[in-house]
Amino acid sequence: MIWMVVRVGLLRMWHGRTEILLTFVVPIVFFTVFAFIFDEQIGLGKSPLVNLALVDEDDTPLSRDLLSSLAESETLRIYSPAEHGDGPQIFDSVDPAEDLVLAGALPLAVVVPDGWTASLMTPGAEPVSLQLLADSSDPVATQVVTALIRQTSGQVLAGLARQQIASVLSLSSDQFSASAVARFTQPVGIDVVDLFAADKANPVVSMYAAGIAVMFLLFGAVGNSGTLLEEEENQTLDRLMCSELSMTGLLAGKWLLMTVVGIVQVTVMFAWAQLAFGVDLLGHLPGFMVMTVVTAAAAASFALVLATLSRNRAQLNAVAIVLILCMSALGGSMVPRYVMSETMREVGKLTFNAWALDGYIKVFWRDLPLPDLAPEVMVLTATAIVLFVVARLLARRWERS
């Protein structure tokens, strides 16, 4: 009898394709996605290339030597605009580099302040620290560049110390400690200047709220779209088609319902984030509403496509789980995109999770005005329109039947 129970269970699993998919295929697909994300990255002690700007306010041979050594690092990609054709651009003032970080074009800028070399060469003077202007939404980049600056500056200063060491060999230890050469044996000071999080209330929580909200927005929309399949099974759809309601009208009604529910769902998530964790929702309400509306619209159209592709709710749920989890992993809802390789970041842009999260980051993290949301709004709006058209074409099978 025990074997009979096992046999019946195996036969049920064999004939239930959805169960086989969830048991064997989904784990493999999900593992593959994460393997691609972390391949040759954190697990092997490597990290993605870090984009940053260099600023030399000191303008001395030592500062130029330091920044040249940083520019040669294989880990860094120095800012080099198209109009600056002769290699990386090194700014002579901090303002343009700071503007690039604030706009989200670069995560970091290394600044050699005026007087840095003089403070090293003058015995008894207070050392001037290097500055690292940071967008702390990418903490990995900050840690990588900080370590690299310490390593590179140590090598540069050690070379300078070797040039001067001959002049101090005859000095006593006290005299050596009071000399300029002793400065080169000490670690270089680095001040990390966070340009965003200092005056914000729990800014990281807003990023987590956006990632989770977008992922569950997709699950919620797919759950609501399944009513189409239930209406087909109980023949309600046939009766609706015999009425004055057209298929386009039916899909538009479903889409509008899912969009409205999605807007409310995301709003409730962020309202709770403000009440419980101090996220400034009211202070960013216009940008939040714009991003929430277009994101919910795109999610609703995506759910309609899956529903019109599926034959029953079980098939819909199985396909949706695979797609939504993969999109959430690649798009940044589950794994921060700053830990991904550049290739995987580009692949992530194929999901509207990435575009939605980029928009929310601009709103809550960078405090950018509404016009700066144009790329994300355009992509999500186009996605909503195109996917709705696809769903309408796929729904023709119900009209033919």
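Modeller: Helices and strands here are DSSP runs, of at least four residues for a helix (H or I) and at least two for a strand (E), numbered from the N terminus. The model is predicted.

Colleague: Where does aspartate 59 lie?
Modeller: Strand β1 covers residues 50-56 and helix α3 covers 61-71. Residue 59 falls between those two runs. Aspartate 59 therefore belongs to neither element, given how the runs are defined. Its place is the loop between β1 and α3.

Colleague: Is aspartate 59 buried or exposed?
Modeller: The cut-off for exposed is over 50% relative accessible area. Aspartate 59 has 51%. That value passes the cut-off, so aspartate 59 counts as exposed.

Colleague: What is the phi of aspartate 59?
Modeller: Aspartate 59 is not a glycine. Its phi is positive all the same, at about 50°.

Colleague: Which side chain meets that of aspartate 59 in a salt bridge?
Modeller: Side chains of opposite charge can pair when their charged atoms come close. A salt bridge needs nitrogen and oxygen within 4 Å. Here the N to O distance is 2.7 Å. The partner, partly exposed at 39% relative accessibility, is arginine 64.

Colleague: How many salt bridges does the structure hold?
Modeller: The pair of arginine 64 and aspartate 59 is one of them. Lysine 349 and glutamate 346 also meet in a salt bridge, as do glutamate 376 and lysine 362. The total for the structure is four.

Colleague: How many Å, N to O, is it between the side chains of lysine 349 and glutamate 346?
Modeller: Lysine 349 is partly exposed, at 37% relative accessibility. Its side chain meets that of glutamate 346 in a salt bridge, for which the limit is 4 Å. The N to O distance is 3.8 Å.

Colleague: How many residues apart in sequence are the parts that glutamate 376 and lysine 362 tie together?
Modeller: The two side chains form a salt bridge at 3.1 Å, N to O. Glutamate 376 lies in helix α16 (residues 374-394), and lysine 362 in helix α15 (residues 352-364), so the pair links two helices. The separation in sequence is 14 residues.

Colleague: Is glutamate 376 buried or exposed?
Modeller: Buried means under 20% relative accessible area. Glutamate 376 has 5%. Its partner lysine 362 has 16% and is also under the cut-off. Glutamate 376 is buried.

Colleague: Which loop holds aspartate 367?
Modeller: Aspartate 367 has a positive phi near 55° and is not a glycine. It counts as partly exposed, at 42% relative accessibility. Its loop runs between α15 and α16.

Colleague: Which residues in α3 are buried?
Modeller: Each buried residue has under 20% relative accessible area. In α3 these are Leu62, Ser63, Leu66, Leu67 and Leu70.

Colleague: Why do they sit on the same side of α3?
Modeller: Start from the set Leu62, Ser63, Leu66, Leu67 and Leu70. These residues are on the same side of α3 because of the arc they cover around the axis. That arc is only 130°.

Colleague: Which residues form the negative surface patch?
Modeller: One member, glutamate 57, is in the loop between β1 and α3. Glutamate 57 is partly exposed, with a relative accessible area of 30%. The patch is made by Glu57, Asp92, Asp95, Asp99 and Asp114.

Colleague: What is the area of the nonpolar surface patch made by Leu256, Val260, Val264 and Val268?
Modeller: Leucine 256 lies in helix α11, residues 247-277. Together with Val260, Val264 and Val268, Leu256 makes a patch of about 350 Å².

Colleague: How far apart in space, C-alpha to C-alpha, are leucine 108 and leucine 132?
Modeller: Leucine 108 is in strand β4, residues 108-112. It is buried, at 0% relative accessibility. Leucine 132 is 24 residues away in sequence. In space the two C-alpha atoms are apart by 6.8 Å.

Colleague: By how many Å are the C-alpha atoms of threonine 146 and valine 110 separated?
Modeller: Threonine 146 lies in helix α6, residues 139-164. It is buried, with a relative accessible area of 17%. Valine 110 is 36 residues apart from it along the chain. The C-alpha separation is 9.4 Å.

Terms used. Residues numbered from 1 in each chain as written. Predicted model: local features only at pLDDT ≥ 70, side-chain atom pairs only at ≥ 80, totals over all residues. Heavy atoms only, no water. Patch = residues over 30% accessible without salt bridge, like charges linked within 9 Å, V, L, I, M, F, W, Y side chains within 5 Å. Areas by Shrake-Rupley, 256 points an atom, 1.4 Å probe, with all protein chains shown as cover. Lys, Arg positive; Asp, Glu negative; His and termini not counted. Charge placed at Lys NZ, Arg CZ, Asp CG, Glu CD. Buried < 20%, exposed > 50% of the residue type's maximum accessible area, 1.4 Å probe, protein only. Arc of directions from axis to C-beta.
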